[in-house]
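Biologist: Before we discuss any labels, could you show me the model, so that I can ask what stands behind each of them?

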Amino acid sequence: MQDDEIVEVYSAADLAQAYFLRTLLGNEGIEARVVGDKISTGLGLPPVGETAPCLWVRKTDEAKARELLAEFERVHARPHPENEPRSTWKCTACGEMVDDELDLCWNCQNPRKPY
């Protein structure tokens with residue numbers, strides 16, 4: 001990629017996310033470059049600072065890349081299943097709340113439905 005034909009499309013939270021998203025774009029046929037993981041002096045000295053890593057793509061791929069990255073953000077902004085409240089039922093014998101997946105009360109072994 002020539003520098004004059006690429007554009008920045010995303011600022012990642014960290015390097016892991018940047019490289020994950022580069023792979024995601026690559027799987028869709030979009031060549032991407034991670035830029036800005038460290039700023040160094042170029043003289044072999046330790047880095048003087050860090051900046052958010054960014055993804056850059058060809059101008060011709062910009063619209064598709066932005067669409068894919070926006071979908072990634074939409075999906076990851078949603079609550080994850082482990083954060084969603086679980087469905088429960090109330091045991092008629094002891095009053096405990098029991099997960100829907102269970103047919104017996106975890107506390108007293110009373111069945112959810114009478115036999």
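Biologist: Leaving aside its neighbours within four places in sequence, which residues is Glu96 in contact with?

Modeller: They are Trp89, Lys90, Cys91, Cys105, Trp106 and Asn107, where contact means heavy atoms within 4.5 Å. This is a predicted model in which local features need pLDDT of at least 70 and side-chain atom pairs count only at pLDDT 80 or more, while totals for chains, interfaces and linings use all residues. Residues are numbered from 1 along each chain as its sequence is written, and side-chain values use heavy atoms, with hydrogens and water left out. The C-alpha atoms of Glu96 and Trp106, ten residues apart along the chain, are separated by 8.3 Å.

Biologist: Why is Glu96 called partly exposed, and why is Thr92 called exposed?

Modeller: Buried means under 20% relative accessible area, exposed means over 50%, and partly exposed lies in between (1.4 Å probe, protein chains only). Glu96 has 29%, so it counts as partly exposed, whereas Thr92 has 73% and therefore counts as exposed. Both Thr92 and Glu96 lie in the loop between β4 and β5, strands being DSSP runs of E with at least two residues and helices runs of H or I with at least four, numbered from the N terminus.

Biologist: What pattern do these elements follow along the sequence?

Modeller: Read along the sequence, the pattern is β-α-β-β-α-β-β, with two helices and five strands in the protein.

Biologist: Why is α1 called oblique to α2?

Modeller: The axes of α1 (residues 15–27) and α2 (residues 62–77) come within 11 Å and cross at roughly 125°, the axes being lines fitted to C-alpha atoms over the stretch in contact and the angle running from 0 to 180 degrees between N-to-C directions. That angle makes α1 oblique to α2, because under 35 degrees counts as roughly parallel, over 145 as roughly antiparallel, 65 to 115 as roughly perpendicular and the rest as oblique. The contact is made by Gln17, Phe20, Leu21, Leu24 and Leu25 of α1 and by Ala65, Leu68, Leu69 and Phe72 of α2.

Biologist: What makes up the largest nonpolar core?

Modeller: The largest nonpolar core, meaning a set of buried Ala, Val, Leu, Ile, Met, Phe, Trp, Tyr and Cys residues joined through side-chain atoms within 4.5 Å, has 16 residues. Those with the most contacts inside this core are Val9, Tyr10, Leu25, Leu55, Val57 and Leu69. At least two residues of the core come from each of β1 (6–11), α1, β2 (32–35), β3 (54–58) and α2, and the largest share, four residues, comes from α2. Leaving aside its neighbours within four places in sequence, Tyr10 is in contact with Gln17, Leu21, Pro53, Cys54, Leu55, Leu69, Phe72 and Glu73.

Biologist: What is the relative accessible area of Gln109, and what is the value of its phi?

Modeller: Gln109, in the segment after β5, has a relative accessible area of 47%, so it is partly exposed. Its phi is near 70°, a positive value in a residue other than glycine. Most residues other than glycine have a negative phi.
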